[in-house]
Amino acid sequence: MKNCLLLSFLLSLCLFKSYAQDDPPASYIIAGKLEDPEKKAVLFANVALYASKDSTLIGGIASDENGKFEIPAEMGNYFLKITYLTLDEKIVPNVNLTSQGVDLGTIGLTSNAKVLDELIVRGEKSQMDLQLDKRVFNVGKDLTNIGSNASDILNNMPSVTVDVEGNVALRGSQNVRILIDGKQSGMIGLNPAEALRQIPGDLIESIEIITNPSSRYDAEGEVGILNIVMKKNIRYGLNGSFTATAGYPSNFGSSFNINYRKKKVNLIANYGFMYREGPGRGSSRQEYNSADTSFVYEQKSNRNRSGYSNSLMVGMDYFINNFNTLTTTLSYRNAQNENSSRMEYRDFDFANNLTQTVVRTELETEPRNNLEAALNYSKTFAKKGQSLSVDAKYILSDETEAAKYNETSDLDNKSIAQRSYNTEDEKNFLFQLDYIHPFAKDGKVEAGLKSSVRMLDNDFTVHQQNEQMNWIVLPDFDNKLAYDERIHAAYLMASNQFGKFFIQGGLRGEYSDILTELKKTQQINHRKYFNLFPSLHLSYKLEDAQTLQLSYSYRLSRPGFRDLLPFSNFSDSRVFRAGNPLLNPEFTHSFEAGHLLNMEKGSLLSSIYYRHRLGVVENITSVDSTGFTRITPVNLSTGDSYGFEFNLTYDPFAWWKLTANANIFRSMNEGVYNDKVLKSDTYSWTSRASSRLTLFRNVDFQSSLNYRAPRRTTQGRDLAQYSIDLGLSRDVLKGKATVTASVRDLLNTRKQRSIVESAGYYSSSENLWRTRQFIVTFSYRLNRSKEKEKMDNRGGGDEDEG
């Protein structure tokens, strides 16, 4: 409550100041037109008017769609200060108002050759940007991403892998924070793996990979942050893009992204529809041998995940004046999935003789809804670099999984009918404030507050039909989990540049209050803890083409909602994945050193890193004498990992562009479970190489190879995985549209293969989540040429500050 009152007071104060800076009573007009070095109009430049006698800010305005501006003022002596992101600051002195207005005519601005504060180094501007604290990938320029969803796109990012169940990992760890436009979002929902499959890739502008975040970001996420930036622009007039997709297996979709800007109002809207079918298959073999009993069984499965989703976002930017902007957005997402599977179990005796065959089928419906309302107030000041931002967000989500199962055996011809219900409801409130105050020439101080409240209810029940055809509840699979999370945070950061040396340090404090309650069994677990999370970033410019970077951060990974839920999917009657309500958070010390080399035809970013983890959560597999396997997460071990990573962009010729990245690492984990020491020591690596050729001036061909090397786990090992993607595109309609054809996983090799071994137990499995895909996409740009689109879509997004 104290935080809310403080934030409300600050917001009211800022609004009061903004209206105090409205245009003064005026008798005359100061007018002019802005042009860049190529004699083109400069749009949306900041034109500020100051009194000559004491440099007091009088007023200001942004140039319009023709580069023109008009500032009303009373009689007096003034000067103008004109600023724009990529152009040098311009001072226009001796603007004197006596008895009439002044027309300054055309004012020319010159290009800014200085490197920006973020030390942005651009390889291919339209595909990858390398920045001090993150790598930005503009996904629309990767032909194999067109027509895909967010999960597919993430799987094409360097150092990012997505397993067959849709779980996202960065540098080999699934403890990664996923944001939308720099903020936590209900679009990710209660089940991130499934939610990412429902976000159309055509609505995504870029992916930001932040491996060692500063204190302005939430401390959540052991290995870093993946920020998905959605498409949005504020160009004048009506403009946008439209996309239609068709593919096999069934993959149909359409989307649009438009905006209309005039004077003080910018209206934005985007919509995406997608229908997909994802056929997949899998197989496994389980062997168990003990003094009491032995068994062997093989399992084969075929499944199809199908469904549609609708994603709609509408919003408005209102430019109160040159210093104050109010933005509001409303997002709604609806999805309806229908999943089916068939599992066949073949049981063998110890002599490898087939004893019975069991078939289990599943039909599941999965409707989900997400509503998200957001309000942002942004204020800039006359002092360059000074800003204030206030955000408020409300998220409402609901999801229901209803499944019917039927299991038959050829041994006794008996049939078992079961059904399960899993309802999940979420409410999320977020309030955030961020302030930046510059000092000296290149220094700045940043501070912020954040409060979030998240409330979830999950009701899980499994019924089975008895001999009298009545449905009875299975007590071992019946409970209701209430999850109440309150996290309050504050941070303070400072940075400055001393010649070629740049330093940034920060400290973040987070108070966590998390209550979980299993209501039917009355198990309550209430955790309260406060932690400080420091961060430090250093960079040194060796010469114009090289920069060294050092960074450190302390982070945590709280158990996810599903990690705490003691129930999970019931589709496999012999392998049950369950959460653990007693899980504690992991803590990580992360160190990283990088070297950035700019070459005439490309750039190379190489880095080494080290992570020390406490309370590492790992999935433990246990098997009983009946063949029932349970997989449960526990805080098992202490872990150390270190590695080397590089990202290379190289353009041998104007028509040939190459990109390559690799992450080579060693990971060591050791812990004790049930009085047994479990440990692993593995060397592994992941890589991706891509080649893009421009043929006949308007035809592009791209090929990509993804590879993930084998690795050891505490109970076994994961085998190697590789895949090949191809894409071909051609501009049509005089460059206003593009047709793209692509194939993902050309050889059907994107399989997850793993082995689990323990005393008396051996298991091997292979899963292909989705078979080879062929996709054709048509994109049309309204009032936006392809070349202009490259310059306008810089792939930027708000950061999760606070």
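Two strands count as paired when DSSP finds at least two bridges between them, and this idea is used throughout the legends for this predicted model.

**View 1. Strands 3, 2, 5 and 6 make an open sheet with antiparallel pairing.**
The four strands follow one another across the sheet in the order 3-2-5-6. Strand 3 (57–62) and strand 6 (87–97) stand at the edges, and because each has a single partner strand, one side of each is left without a neighbour in the sheet. Direction ignored, neighbouring strands of this sheet are turned by 20° against each other on average. Strand 2 (residues 46–51) runs antiparallel to strand 3, and five bridges join the two. A place to look for this pairing is Y50, whose bridge partner in strand 3 is L57.

**View 2. Strands 4, 1 and 7 make an open sheet with mixed pairing.**
Three strands take part here, and their order is 4-1-7. The edges are formed by strand 4 (68–73) and strand 7 (102–108), each of which pairs on one side only. On average, and with direction ignored, neighbouring strands of this sheet are turned by 20° against each other. Between strand 1 (residues 28–35) and strand 4 there are six bridges, and these two strands run antiparallel. Within this pair, A31 stands opposite E70 of strand 4.

**View 3. A hairpin joins strand 30 to strand 31, and strand 31 also pairs with strand 32.**
The hairpin passes from strand 30 to strand 31 through two residues. Strand 30 (residues 586–599) and strand 31 (residues 602–623) are paired in the antiparallel sense over 13 bridges, with M599 standing opposite G602 of strand 31. Strand 31 and strand 32 (residues 629–653) also run antiparallel, and 20 bridges join them; in one of these pairings, I620 has T632 of strand 32 as its bridge partner. Strand 32 also contains F653, which is partly exposed with a relative accessible area of 44%. Although F653 and K601 are 52 residues apart along the chain, their C-alpha atoms are separated by 8.3 Å.

**View 4. The side chain of N669 makes a polar contact with the side chain of E618.**
N669 lies in strand 33 (residues 656–673). The relative accessibility of N669 is 11%, so this residue counts as buried, since the word is used for values under 20%. The contact between the side chains of N669 and E618 is 3.5 Å.

**View 5. Buried E372 forms a salt bridge with buried K393.**
The closest N and O atoms of this pair are 3.2 Å apart. The salt bridge links distant parts of the chain, with K393 in strand 22 (residues 387–409) and E372 in strand 21, 21 residues apart. Strand 21 covers residues 354–380, and within it E372 has a relative accessible area of 9%. E372 can also be compared with M313, which is 59 residues away in sequence and 9.2 Å away in space, C-alpha to C-alpha.

**View 6. Further salt bridges include those of E298 with R285 and of E766 with K751.**
A search of the whole structure finds 27 salt bridges. In one of them, the side chains of E298 and R285 meet at 2.7 Å, N to O. E298 lies in strand 19 (residues 294–319) and R285 in strand 18, so the pair ties together parts that are 13 residues apart in sequence. Both partners are partly exposed, E298 with a relative accessible area of 24% and R285 at 22%. In another salt bridge, the closest N and O atoms of E766 and K751 are 3.5 Å apart. E766 belongs to strand 41 (residues 761–768), whereas K751 is in the loop between strand 39 (737–744) and strand 40 (752–758), and the two residues are 15 apart in sequence. E766 counts as partly exposed at 31% relative accessibility, and K751 is partly exposed as well, at 23%. Elsewhere, salt bridges that share partners join R177, D218, E220, K450, R508, E510 and R558 into one network.

**View 7. Seven residues, L238, Y260, L267, M316, Y318, L326 and L375, form a nonpolar patch on the surface.**
Together, these residues have about 570 Å² of accessible area. One of them, L267, is found in strand 18 (residues 265–289) and is partly exposed, with a relative accessible area of 39%.

Methods:
Residues are numbered from 1 along each chain as its sequence is written. This is a predicted model: local features need pLDDT of at least 70, side-chain atom pairs count only at pLDDT 80 or more; totals for chains, interfaces and linings use all residues. Side-chain values use heavy atoms; hydrogens and water are left out. Patches are made of residues with over 30% relative accessible area and no salt bridge: like charges are joined within 9 Å, nonpolar side chains (Val, Leu, Ile, Met, Phe, Trp, Tyr) within 5 Å. Accessible areas come from the Shrake-Rupley method with a 1.4 Å probe; for residues, only the protein chains shown count as cover. A salt bridge is a side-chain nitrogen of Lys or Arg within 4 Å of a carboxyl oxygen of Asp or Glu. Buried means under 20% relative accessible area, exposed over 50%, partly exposed in between (1.4 Å probe, protein chains only). Axes are lines fitted to C-alpha atoms, for helices over the stretch in contact, and angles run from 0 to 180 degrees between N-to-C directions. A polar contact is a pair of N or O atoms within 3.5 Å; within protein, one must be able to donate a hydrogen and the other to accept it, and residues adjacent in sequence count only if both atoms are side-chain atoms.
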